[in-house]
Amino acid sequence: MKSYETVVIGGGPAGMVGAITLGSKGVKNLLLDENDTLGGQLVKQTHKFFGDHAHYASVRGFEIAQKLQKKISQNSNIKVETSATVIGIYPNKTIVYAKNGKEFKVTYEKLLITTGAMEKQLPFINSDLPGVYGAGAVQTLMNEYGVIPGKRFLIIGSGNIGLILAYQLIQAGVEVRGIVEAIGKIGGYAVHAKKIKRLGVPILLNHTIVKAIGDESVSGAVIAKIDDKFKPIPGTEEEKVVDTICVSVGLTPLSELAEQAGCEVEYIPQLGGYVPVRNEKMQTTNPDVFIAGDLSSIEEATTAMIEGKIAALEIARILNGANIENEINEEIKTLSLFRSGPKSAKIRAGLEKFGISIEAVPNVESHGVQIGPVGKLRAIVDCTEEIPCNSCEAVCPFEAIHIGENLNSTPVVDYDKCTGCATCVTACPGLAIHMLKEDVEKSKALVGIPYELLPLPEKGEKMWALNEDGNYVCDAIVKRVVKYPNKTNIVYIEIPIEFSRKVINVEFPKEESPFVCRCEEVTLSEIERAIDSGIVDFEELKRLTRVTMGPCGGKNCKLVVLGILSRKTGVPISKLSRGTSRPPVKPVEFSLFTKNGDPK
Amino acid sequence: MISEASVVIIGGGIIGTSIAFNLAKFGVKNVSVFEKSYISSGSTGRCGGGIRQQWTSPMNVRLAMRSVELFERFKSDVGMDIEYIEGGYLLLAYTDKEIEEFKRNVKMQREEGLNVELLTNRQIAKKFPFMNLEGVKGGTWCPTDGHANPQIANIAYAMAIKRMGVELNTHTSVESIDTQNGKIIGVQTSKGYVKTNVVVNAAGGFSHEIGLMAGVDIPTYSERHQILVTESVNHILDPMVISFQNNYYVRQTMHGSFVMGQSDKNPAKGNDLGHTVEFLEEMAPKMVHDFPFMKHLHIVRQWSGAYNVSPDAQPIIDEARNVSRYIFAVGFSGHGFMLAPAVGEAVAEMIVYGRSKTMNISNLGISRFENKIEKEHNVV
Ligand SMILES: Cc1cc2nc3c(=O)[nH]c(=O)nc-3n(C[C@H](O)[C@H](O)[C@H](O)COP(=O)(O)OP(=O)(O)OC[C@H]3O[C@@H](n4cnc5c(N)ncnc54)[C@H](O)[C@@H]3O)c2cc1C
Ligand SMILES: Cc1cc2nc3c(=O)[nH]c(=O)nc-3n(C[C@H](O)[C@H](O)[C@H](O)COP(=O)(O)OP(=O)(O)OC[C@H]3O[C@@H](n4cnc5c(N)ncnc54)[C@H](O)[C@@H]3O)c2cc1C
């Protein structure tokens with residue numbers, strides 16, 4: 001039976017970095033993974049990762065895997081076994097794994113378990129119908145095998161995984177009819193949510209799936225609003241016509257092997273479920289067994305890699321007596337810093353149960369969106385949520401973007417230094433940066449939009465400019481398309497200056513006319529038809545088509561309508577009548593006026 | 001803009017455009033309409049859209065019945081769907097005195113040929129189980145009353161008359177009327193002078209002022225009426241419901257929203273188009289009381305418009321005594337929209353034949369104010 005100084009189970013980012021670190025410290029190790037390529041979750045991820053630039057942030061997931069694979073193949077202390085599924089851990093430190101239909105056994109001195117996590121299930125009526133998938137399965141089918149299992153998707157769960165899946169599905173050219181989320185706020189990062197909202201995907205908060213519909217496979221889904229006890233509210237049911245339902249309601253650690261290896265396991269919901277108890281150096285209650293990555297807490301690739309490194313360094317220290325305390329403490333500090341932001345509050349609370357306390361940084365700097373000097377070609381950074389990421393700061397060749405030591409701070413742009421080079425636009429994993437330059441004299445604005453869809457538009461092409469909700473704003477002309485090796489290309493469009501702060505996306509004009517007014521469901525072509533029939537007065541247009549007359553009072557679409565009128569009549573927007581504003585500014589219930597709150 | 005018109009119509013509201021439509025149908029050429037703002041900018045674009053035949057004067061009943069005939073054909077005649085629906089009108093009575101009055105009205109209305117009946121509280125409750133009918137003794141019900149979208153109706157007429165060759169000048173106001181020896185010779189507009197011998201005053205809230213331009217003192221004045229609209233919800237209410245006692249009218253549009261209003265205690269005079277919070281405070285409790293489901297209904301917007309009022313709250317349709325071929329169709333209070341199709345027809349006939357043929361509207365003449373005034377009662 002072969003014996004190794006250390007065996008690593010699980011070849012995701014945590015295990016790979018663990019093996020690389022062990023190897024670099026002279027510890028001979030075996031890395032086992034059940035898949036035929038290393039990388040774990042990374043392999044399925046076609047998007048650019050968040051995180052610390054020093055830990056591959058802004059690199060696409062599968063490319064991180066490739067980089068790590070290269071390092072592993074260059075390290076002679078690492079032996080890799082892929083397509084090797086560990087089926088159990090037995091007495092006398094014996095690991096049994098299956099490969100090519102054969103049984104293999106190895107023993108270890110130290111064990112690093114990095115088996116990651118699996119998707120949680122969600123029970124609903126007919127959830128066993130073909131067409132109901134876990135998000136991971138869809139990603140595997142799509143991103144590894146190039147198979148898309150449907151045409152119209154509904155996604156359950158608005159965590160980062162659900163949001164990213166929605167984006168990837170749209171990139172693959174299928175329709176996402178919506179994302180339903182049980183709680184009252186979006187689970188994932190705001191930038192991920194914005195990315196898909198501006199592609200027109202609605203995110204329905206306080207909603208759940210009631211049942212899947214279909215005889216042999218999914219042909220629809222019934223969703224409903226839920227009350228504060230998560231019970232569907234009768235009468236709010238709504239049918240969505242979809243052929244695929246993706247459940248993405250979170251991950252839970254795969255802790256079985258750790259249990260078999262004699263580690264104590266505890267249920268800590270903040271960390272994702274049953275997790276092995278461990279100390280700051282990733283050592284479990286069995287001193288010979290270490291863990292890292294999603295197995296220890298459902299988190300991020302960056303934290304998985306740092307944990308893998310910490311565990312490996314500690315193993316090397318114990319095995320070789322190497323004097324690397326300082327190096328370990330540095331990594332622990334980096335990890336704590338990463339987890340000090342508001343988005344890591346849950347993880348901090350969970351780790352607290354192990355006696356690991358991480359100080360939250362109360363004064364993480366958060367800034368609103370800066371507009372910068374009008375007229376100059378510049379980057380507009382719409383990143384106001386404190387998430388651990390610093391790609392933009394790291395890539396800027398002119399040091400014009402500042403985040404600082406704590407990468408949870410939001411970026412600040414120094415517009416004196418910004419040259420409009422757009423490097424940050426293509427680097428940002430959240431696609432949260434775009435370029436802007438106004439030409440006041442010509443009343444035009446140039447907007448540079450990060451674009452990851454295919455095909456790319458061409459110079460001179462007429463497109464639709466969209467707002468943050470993916471709604472049509474105005475027509476746009478493509479001025480320039482700049483391709484980048486990382487595939488986040490930039491499409492520069494020209495639009496009327498009035499819309500310079502509204503436009504955040506472009507799409508090819510569709511055959512179906514876009515909705516200009518969502519409240520009243522008035523389309524662009526209805527408006528254009530009315531104008532063509534001689535209704536050139538905004539007030540008449542409004543009364544004839546109901547545009548701007550809905551509950552939002554035209555807040556969302558009045559300017560768009562005026563823009564269309566202006567384009568068709570040649571009268572500048574400033575010269576058009578824009579109607580009278582009437583109370584209430586926001587719809588209010590009748591009951592409000594039956595209860596006067598003024599002191600008598 | 002043409003320099004010479006056979007007829008100049010002042011006002012592009014529902015009345016002015018309906019008159020133009022009927023003139024064009026008669027084949028009258030070179031008709032010119034002047035509207036100082038956009039189409040439906042006046043009372044028409046602000047109105048409740050109710051179409052009712054249950055009036056207390058036989059003249060009003062007859063005119064409204066003729067209008068209903070024309071509304072039924074509006075889509076094919078004028079060429080646009082105006083959300084017209086015959087959902088009925090329910091007028092509520094709370095006292096024996098009101099019931100007695102309603103009985104008399106029903107008798108007269110039936111004599112005029114209107115299908116109308118008196119309902120008991122219980123009959124109303126059966127028809128409209130969602131209403132709180134506390135204190136209601138009964139009501140009258142006419143199933144062929146109804147409502148439509150007045151703004152679209154106004155625009156429909158405007159588009160039709162343009163197609164038919166009428167010159168429609170929006171954003172053009174009439175500044176003065178030129179007369180010579182009791183005859184009209186032209187009008188001065190903000191965009192130039194037009195020669196004409198025939199002028200129609202259909203200026204709604206400004207009818208008195210436009211009268212004075214030709215030296216005609218029309219006894220009308222304007223006052224502000226407020227109105228509101230809610231979010232749209234599933235359809236539940238077919239008719240327009242009016243409670244004179246509680247001082248409201250309400251209807252649900254085809255689109256699902258509820259439109260409702262009242263008569264303010266001291267309405268602002270003239271063409272003041274402001275809005276008050278008292279209006280909402282007065283409307284809310286009574287509407288929630290009579291229609292409990294409205295408690296959580298959202299108010300989306302409030303606005304106001306002018307009622308152009310004559311001494312008896314009935315329209316004045318006539319030719320001036322002292323200026324020949326100066327015709328006016330004004331003073332419609334809260335019912336000019338519903339009467340517009342019939343009034344348009346009558347006024348066009350007056351211009352073409354010298355008198356209205358289809359309907360005898362002789363008692364809507366201006367001379368009636370020389371006698372005792374019999375006021376229309378059923379107004380909100
Ligand atoms: C859609 C999606 C988007 C994400 N986006 C980001 C991002 O933008 N930035 C970021 O930092 N993180 C992101 N993450 C999270 C990140 O991918 C994970 O946190 C990270 O992959 C965890 O690494 P890991 O090594 O712990 O586990 P994994 O990557 O899950 O690897 C575990 C490996 O162990 C193998 N394994 C399990 N059991 C056995 C067994 N019995 N025998 C053999 N092998 C076994 C598994 O097959 C797998 O290959 C994302 C995750 C998802 C799903
Ligand atoms: C709140 C409210 C609710 C109502 N509800 C109902 C209802 O339910 N049913 C019903 O039948 N009626 C209702 N009415 C009444 C109805 O709106 C009017 O009677 C009708 O619209 C009058 O039409 P009009 O064409 O005479 O006037 P308007 O629509 O006011 O048109 C007159 C036009 O003349 C123009 N004008 C004025 N001066 C000049 C000038 N010097 N030069 C050029 N143009 C000029 C004005 O700009 C205006 O557009 C309601 C009214 C209000 C205010």
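A polar contact is a pair of N or O atoms within 3.5 Å. The exercises below apply this cut-off to a predicted model.

**Exercise 1.** Determine which backbone atoms of chain B lie by ligand 2, and how much of ligand 2 the protein covers.

*Solution.*
1. Begin with Ile15(B): a polar backbone atom of this residue is 3.0 Å from an oxygen atom of ligand 2.
2. At Gly336(B), a polar backbone atom is 2.9 Å from an oxygen atom of ligand 2. For Val174(B), the distance from a backbone N or O atom to a nitrogen atom of ligand 2 is 2.9 Å.
3. Ligand 2 on its own has 1000 Å² of accessible area, and the protein covers 96% of it.
4. Two or more residues of the shell come from each of several elements of chain B, including helix 1 (14-25) and helix 9 (336-353).
5. By class, the shell around ligand 2 holds 18 nonpolar, 19 polar and 3 charged residues.

**Exercise 2.** Describe the surroundings of ligand 1 in chain A, from single contacts to domains.

*Solution.*
1. Among the 31 residues around ligand 1, those that come nearest include Asp33(A), Glu34(A) and Ala301(A).
2. A polar backbone atom of Ala301(A) is 2.7 Å from an oxygen atom of ligand 1. For Thr302(A), a backbone N or O atom lies 3.4 Å from an oxygen atom of the ligand.
3. Of the 990 Å² that ligand 1 exposes when taken alone, the protein buries 93%.
4. Helix 7 of chain A gives the largest share of the shell, 3 residues.
5. Domain 1 (2-118 + 252-352) and domain 2 (132-249) of chain A each contribute at least three residues to the shell.

Key. Residues are numbered from 1 along each chain as its sequence is written. Chains are lettered from A and ligands numbered from 1 in the order in which they are written. This is a predicted model: local features need pLDDT of at least 70, side-chain atom pairs count only at pLDDT 80 or more; totals for chains, interfaces and linings use all residues. Side-chain values use heavy atoms; hydrogens and water are left out. A polar contact is a pair of N or O atoms within 3.5 Å; within protein, one must be able to donate a hydrogen and the other to accept it, and residues adjacent in sequence count only if both atoms are side-chain atoms. Accessible areas come from the Shrake-Rupley method with a 1.4 Å probe; for residues, only the protein chains shown count as cover. Helices (H or I, at least four residues) and strands (E, at least two) are DSSP runs, numbered from the N terminus. Ala, Val, Leu, Ile, Met, Phe, Trp, Tyr, Cys and Pro count as nonpolar, Asp, Glu, Lys and Arg as charged, and the others, Gly among them, as polar. A residue is near a molecule or strand if one of its heavy atoms lies within 4 Å of it. Domain bounds come from an automatic or database domain assignment.
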